[in-house]
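Thanks for coming, everyone. Have the structure open in front of you, and let's walk through it together.

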Amino acid sequence: MSASYPHLFEPLDLGFTTLKNRVLMGSMHTGLEEAKGGFEKMAAFYAARARGGVGLIVTGGISPNVRGRLAPNGSQISHFWHIKEHKKVTDAVHQADGKICLQILHAGRYSYHPFSLAPSAIKAPITPFKPRQMSSRQIETTISHYARAAKKAQQAGYDGVEVMGSEGYLINQFLCTRTNKRTDKWGGSFENRMQFPLEIIRRIREKVGKNFILIYRLSMIDLVEDGHKLEEVIQLGKAAEDAGATIINTGIGWHEARVPTIVTSVPRGAFTWITARLKQELNVPVVACNRINTPEIAEKILQDGEADMVSMARPLLADPDFVNKAQQGKPESINTCIACNQACLDHVFKNKRATCLVNPLACYETELVMQPVSSAKRIGVIGAGPAGLAFACYAAERGHEVHLFDSAAEIGGQFNFAKQIPGKEEFHETIRYFAHRLQETGVTLHLGETQSVESLSAEKFDEVVLATGVKPRQLDIEGADLPHVLGYIDVLRDHKEVGKRVAVIGAGGIGFDVSEYLTTTESPTVHPDEWHKIWGIDKTYQHRGALLTQKLAEPNPREVYLMQRKDGKVGAGLGKTSGWVHRNTLKNKGVKMLNGVTYKRIVPEGIEIERDGETQLLAVDNVVVCAGQLPFRPLQESLQAAGISTHIIGGADVAAELDAKRAIRQGAELAARI
Ligand code: FAD
Ligand code: NAP
Ligand code: SF4
């Protein structure tokens with residue numbers, strides 16, 4: 001038990017086995033499942049989380065057969081040779097004193113291949129492939145494949161299985177009339193539609209016996225039209241319990257839903273209200289999920305009786321030792337997940353291996369290793385943005401003597417701008433973490449100091465690392481020096497006054513963020529109830545799918561034009577899994593997004609642009625320039641001339657397409673080899 005988080009560290013007795021605490025590591029596909037040598041890497045990945053104290057781990061989704069694979073090369077568990085591979089994972093987790101369940105996931109119409117199957121032949125809006133309607137025989141066989149997969153998991157040493165019944169995958173497709181138009185015994189009434197998951201649970205239980213964990217992941221709110229009603233969710237939860245489920249995990253929203261459920265602007269713990277509602281009706285433990293990323297919020301959910309366990313997935317990518325750190329009463333040392341999706345979900349959706357923006361070691365446990373050094377160097381690092389911070393902490397952790405300099409009065413670099421954007425408050429946590437980590441690893445910090453080549457020479461560093469970041473690109477058009485032309489730093493750092501009508505030049509990540517900043521009076525995370533209404537979520541659950549018929553209009557204090565020169569969709573380059581949220585947010589606020597723009601000149605009355613061959617004046621009070629960035633490396637040449645061994649990382653190295661993911665990874669990779 002932990003004095004700080006007594007509910008989080010209360011063991012959970014499941015009758016035949018006991019979990020040491022209330023933390024369930026939620027299922028995440030990492031891409032290692034299909035990679036060459038992936039099972040060894042997966043073993044190291046999960047073992048690190050088991051050593052870190054997680055009560056119960058759930059693996060990424062594995063298909064029970066070929067047709068249910070997520071992608072043509074997707075992983076499945078159906079043959080005896082699969083058992084040997086999975087045993088590498090279960091052995092490693094058990095040696096680390098952990099418990100692990102295999103998630104069985106049949107993707108149904110979400111399969112990204114032409115052989116997909118579904119209850120009815122209705123194409124999903126998020127895949128190009130139309131599924132075939134399953135015959136009665138195929139349904140029977142698929143159920144037996146679920147049971148076979150569970151048996152194979154048991155033979156491979158797993159402590160249990162999770163049946164994926166949410167997020168819009170096959171089981172969810174059977175449950176809702178949106179995707180199930182069948183007229184046989186698997187369609188029609190809800191009683192009929194829910195027989196598919198119930199039969200799966202019963203058949204698994206028959207195959208694996210009593211003493212095996214069986215988690216059923218229940219879709220609590222579908223957030224799509226023709227989704228569940230609350231009474232149906234409760235009915236199914238009770239029936240799943242009767243059929244043999246040990247734990248009910250919860251799922252929020254189908255993948256095709258146009259309501260954000262996990263991105264950074266979703267308030268912390270935004271969906272626990274619905275888990276609380278279900279918990280009242282069930283006897284088995286119920287798990288809360290989505291946007292739970294600190295021990296405080298986890299403890300509060302349990303203390304308030306909203307759930308019996310909390311599921312955290314991405315927070316355990318960000319910090320494998322999250323649980324142990326919480327138990328030791330050191331929450332400030334946790335590397336917090338900022339819910340950016342940039343290195344985890346965005347990677348998986350692009351068929352790349354998942355990792356983490358704030359923890360580049362995640363899923364690279366056997367490759368990016370911070371070995372202690374045999375001979376310590378004295379290293380000077382210039383710039384305490386994400387690149388310099390990551391390098392400094394990892395290099396000091398290895399045993400080097402590190403001095404970190406920044407001309408600014410605070411660490412964090414551009415993250416100090418990012419954290420001010422409404423809905424991006426989580427970015428504070430990364431700066432907090434690094435501040436703590438610098439102390440833990442013994443880095444000497446020098447703030448408010450600009451170094452010269454002479455001062456660096458006098459310090460006699462063995463190596464110097466330049467992490468001085470970027471400078472904003474200046475506009476080269478008539479009128480760019482007029483007083484009403486501002487840069488994003490003027491707005492976000494210097495808080496210069498901005499008028500009611502604004503033209504933003506450049507629609508990259510920063511142009512979007514600045515537009516959000518200018519059109520928001522108060523961050524939605526401050527009033528979670530309003531956030532629900534803005535996105536049309538019905539907390540009274542009177543409508544199917546928990547969708548309101550009318551969304552709340554957000555107040556917008558300004559009229560904003562957001563512009564780019566390219567012809568394509570404005571914001572096309574934003575994150576794969578988060579870009580649509582930014583685009584919808586600005587659309588809902590009436591921001592006018594213009595593509596194919598030529599900037600002619602800036603005049604005191606506004607900005608003249610040409611679009612579709614026509615010149616027009618946008619009458620605005622201010623023009624804010626967010627036109628990308630260039631590398632800033634003031635000392636490079638003089639350091640090299642002085643013969644000082646110099647490394648360049650982050651934006652100082654390459655500014656094009658720079659983000660914090662690259663900056664931090666580059667810092668870590670250099671620290672691992674220096
Ligand atoms: P910087 O963060 O620019 O840090 C450079 C540091 O060097 C600064 O602290 C500076 O003071 C210091 N320095 C410069 N010259 C000297 C000198 N001569 N002596 C001493 N110190 C010096 N990225 C994402 O991945 N996701 C996001 O959601 C995201 N949102 C953003 C939102 C905004 C509004 C902004 C502006 C940026 C955002 N970014 C985001 C980009 C991300 O912040 C940068 O990619 C990242 O900060 C680059 O890291 P860096 O360490 O290379 O440079
Ligand atoms: P960016 O994404 O490269 O966007 C720069 C914008 O400026 C583009 O819209 C570009 O579009 C325009 N532009 C480029 N050169 C121009 C010129 N000479 N004149 C006028 N317009 C010009 O860069 P950013 O917005 O500065 O962001 C920097 C980095 O921070 C990005 O790489 C991004 O990954 C990261 N970031 C990420 C997020 C996030 O949510 N993930 C948020 C903020 C920042 P046209 O060429 O079409 O005009
Ligand atoms: Fe969290 Fe971002 Fe890391 Fe994903 S990449 S785990 S969202 S911090």
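We start with a sheet. This is a predicted model, so keep that in mind throughout. Find the open sheet of 5 strands. Its order is β15-β14-β13-β16-β27, and the pairing is parallel. Which strands stand at the edges? They are β15, residues 444-447, and β27, residues 646-648. Each has a single partner strand, so one side of each is left without a neighbour in the sheet. From one strand to the next, the twist averages 20 degrees.

Let's look at one pair inside that sheet. Strand β13 covers residues 378-382, and strand β14 covers residues 401-406. They pair in the parallel sense, over 5 bridges. Want a landmark? Put your cursor on Val381: opposite it, in β14, stands Leu404.

Here is a general point for any strand you look at. In a regular strand, side chains alternate between the two faces of the sheet.

Now the other sheet. This open sheet has 3 strands, in the order β22-β23-β24. Here the pairing is antiparallel. The edge strands are β22, residues 598-603, and β24, and each pairs on one side only. The twist averages 25 degrees from one strand to the next.

Zoom in on β23 and β24. Strand β23 is residues 606-611, strand β24 is residues 614-619, and 6 bridges join them in the antiparallel sense. Two pairs are handy to find. Ile607 has Leu618 of β24 as its bridge partner. Ile609 stands opposite Gln616, also in β24. What sits between the strands of this hairpin? There are 2 residues. One residue to click on is Asp612, which takes a positive phi near 50 degrees in this hairpin.

On to the ligands. Ligand 1 goes first. Where does ligand 1 lie? Domain 2 (378-472 + 632-673) and domain 3 (485-520 + 556-627) both give residues to its shell, so ligand 1 lies between them. There are 37 residues around ligand 1. Gln342, Asp406, Lys424, Gly651 and Ala660 come nearest. By class, the shell has 20 nonpolar, 11 polar and 6 charged residues.

Now some polar atoms at ligand 1. A backbone N or O atom of Gly651 is 2.7 Å from an oxygen atom of ligand 1. For Ala387, a polar backbone atom is 3.0 Å from an oxygen atom of the ligand. Ser407 has a backbone N or O atom 3.1 Å from a nitrogen atom of ligand 1. How much of ligand 1 does the protein cover? On its own, ligand 1 has 1,000 Å² of accessible area, and the protein covers 90% of that. Several elements give two or more residues to this shell: α13 (386-398), α14 (415-418), α17 (488-492), α18 and α22 (660-673).

Ligand 2 is next. Domain 2 (378-472 + 632-673) and domain 3 (485-520 + 556-627) both give residues to the shell around ligand 2, so ligand 2 lies between them. This ligand has 22 residues around it. The nearest are Ala507, Ile510, Arg565, Lys566 and Leu658. The shell divides into 8 nonpolar, 7 polar and 7 charged residues. Which helix gives the largest share? Helix α18, residues 509-518, with 3 residues.

Polar atoms again. Ile510 has a backbone N or O atom 2.9 Å from an oxygen atom of ligand 2. In Gly508, a backbone N or O atom lies 3.3 Å from an oxygen atom of the ligand. With Arg473, look at the side chain: an N or O atom there is 3.1 Å from a nitrogen atom of ligand 2. The protein covers 76% of the 890 Å² of accessible area that ligand 2 has on its own.

To recap: both ligands lie between domain 2 and domain 3. That's my tour, thank you.

Note on methods: Residues are numbered from 1 along each chain as its sequence is written. Chains are lettered from A and ligands numbered from 1 in the order in which they are written. This is a predicted model: local features need pLDDT of at least 70, side-chain atom pairs count only at pLDDT 80 or more; totals for chains, interfaces and linings use all residues. Side-chain values use heavy atoms; hydrogens and water are left out. A residue is near a molecule or strand if one of its heavy atoms lies within 4 Å of it. A polar contact is a pair of N or O atoms within 3.5 Å; within protein, one must be able to donate a hydrogen and the other to accept it, and residues adjacent in sequence count only if both atoms are side-chain atoms. Accessible areas come from the Shrake-Rupley method with a 1.4 Å probe; for residues, only the protein chains shown count as cover. Helices (H or I, at least four residues) and strands (E, at least two) are DSSP runs, numbered from the N terminus. Ala, Val, Leu, Ile, Met, Phe, Trp, Tyr, Cys and Pro count as nonpolar, Asp, Glu, Lys and Arg as charged, and the others, Gly among them, as polar. Domain bounds come from an automatic or database domain assignment. Two strands pair if DSSP finds at least two bridges between them. Axes are lines fitted to C-alpha atoms, for helices over the stretch in contact, and angles run from 0 to 180 degrees between N-to-C directions.
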